[in-house]
Amino acid sequence: MLIEAELIARTIVLSSTKLPEATEVWAYRTLAAGNPGYRGRLADALIRLERVTADPADRLRMSQEAVATARLIDPVQDHTATELLIWALDALQRNLYAAGRPAEGLAARQDIVALYGRGLHQRRTCGVTDCYADAVLPAVDEWITDYGLAA
């Protein structure tokens with residue numbers, strides 16, 4: 001059954017049509033279960049699905065899953081691991097603040113500050129940079145100043 005599910009998932013991912021975010025997440029979850037190389041695509045799909053989901057509880061759950069998945073990505077194998085983790089943490093932070101959990105949201109923000117390197121999003125022309133080119137970047141430079149971490 002797993003082999004059949006993987007074949008269906010590969011077919012879905014390789015289709016030339018624009019996939020609904022939920023379908024894409026299902027496909028990448030199925031593929032990531034058998035191959036860790038799909039974790040980056042799963043995290044990316046979860047972040048995009050979180051952005052179009054209306055229910056705040058579902059948004060929080062998806063952002064938590066995106067962070068957990070992004071933390072499992074090997075940065076040696078996937079050069080976008082840090083960027084994906086930052087975007088997942090940014091989504092988690094927004095959802096934690098919306099859920100009335102500011103202490104946990106602040107912890108997510110501090111994780112972003114610890115991971116961030118100047119020019120991180122401008123250094124590479126890769127899928128993460130292209131995918132989030134329209135998005136407003138997290139205000140990491142301001143957060144660094146707020147925490148007194150400026151060099």
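In the predicted model, aspartate 90 has a relative accessible area of 10% and is therefore buried, the cut-off for that class being under 20%. Its partner in a salt bridge is arginine 94, with the closest N and O atoms 3.9 Å apart, a distance that falls within the 4 Å limit for such a pair. Both residues belong to helix α5, which spans residues 81-98, and because they are 4 residues apart there, about one helical turn separates them. Arginine 94, in contrast to this buried partner, has 32% relative accessibility and so counts as partly exposed.

The pairing of aspartate 90 with arginine 94 does not stand alone, since a network of salt bridges links Glu50, Arg59, Asp90 and Arg94. Side chains of opposite charge can pair when their charged atoms come close. Within this network, arginine 59 is a residue of helix α4, which covers residues 56-71, and its relative accessibility of 18% places arginine 59 among the buried residues. When neighbours within four places in sequence are set aside, the contacts of arginine 59 comprise Glu50, Arg51, Thr53, Ala54, Arg94 and Asn95; two of these, Glu50 and Arg94, are also members of the salt-bridge network.

The salt bridges of the structure number 9. One of them joins the side chains of arginine 71 and aspartate 111, at 3.0 Å from N to O. Since arginine 71 lies in helix α4 and aspartate 111 in helix α6 (residues 102-115), this pair ties together parts that are 40 residues apart in sequence. Arginine 71 counts as partly exposed because its relative accessibility is 46%, and aspartate 111, with a relative accessible area of 32%, is likewise partly exposed. A further salt bridge is found between arginine 101 and glutamate 104, whose closest N and O atoms are 2.8 Å apart. Here, too, the partners are partly exposed, arginine 101 at 29% relative accessibility and glutamate 104 with a relative accessible area of 39%.

Helix α3, which runs over residues 39-52, includes valine 52. The relative accessible area of valine 52 is 52%, so that this residue is classed as exposed, the threshold for that class being over 50%. Although valine 52 and glutamate 21 are 31 residues apart along the chain, a separation of 8.4 Å is found between their C-alpha atoms.

As for the protein chain as a whole, its secondary structure consists of 9 helices and 0 strands, and the order of elements from the N terminus on is accordingly written α-α-α-α-α-α-α-α-α. The chain has 151 residues, of which 42% are buried; aspartate 90 and arginine 59 are among them. Of the contacts between residues at least 6 apart in sequence, 57% join residues that are at least 24 apart. The accessible surface of the protein chain amounts to about 8,500 Å², and carbon and sulfur atoms account for 57% of this area.

Conventions:
Residues are numbered from 1 along each chain as its sequence is written. This is a predicted model: local features need pLDDT of at least 70, side-chain atom pairs count only at pLDDT 80 or more; totals for chains, interfaces and linings use all residues. Side-chain values use heavy atoms; hydrogens and water are left out. Helices (H or I, at least four residues) and strands (E, at least two) are DSSP runs, numbered from the N terminus. Buried means under 20% relative accessible area, exposed over 50%, partly exposed in between (1.4 Å probe, protein chains only). Contact means heavy atoms within 4.5 Å. Accessible areas come from the Shrake-Rupley method with a 1.4 Å probe; for residues, only the protein chains shown count as cover.
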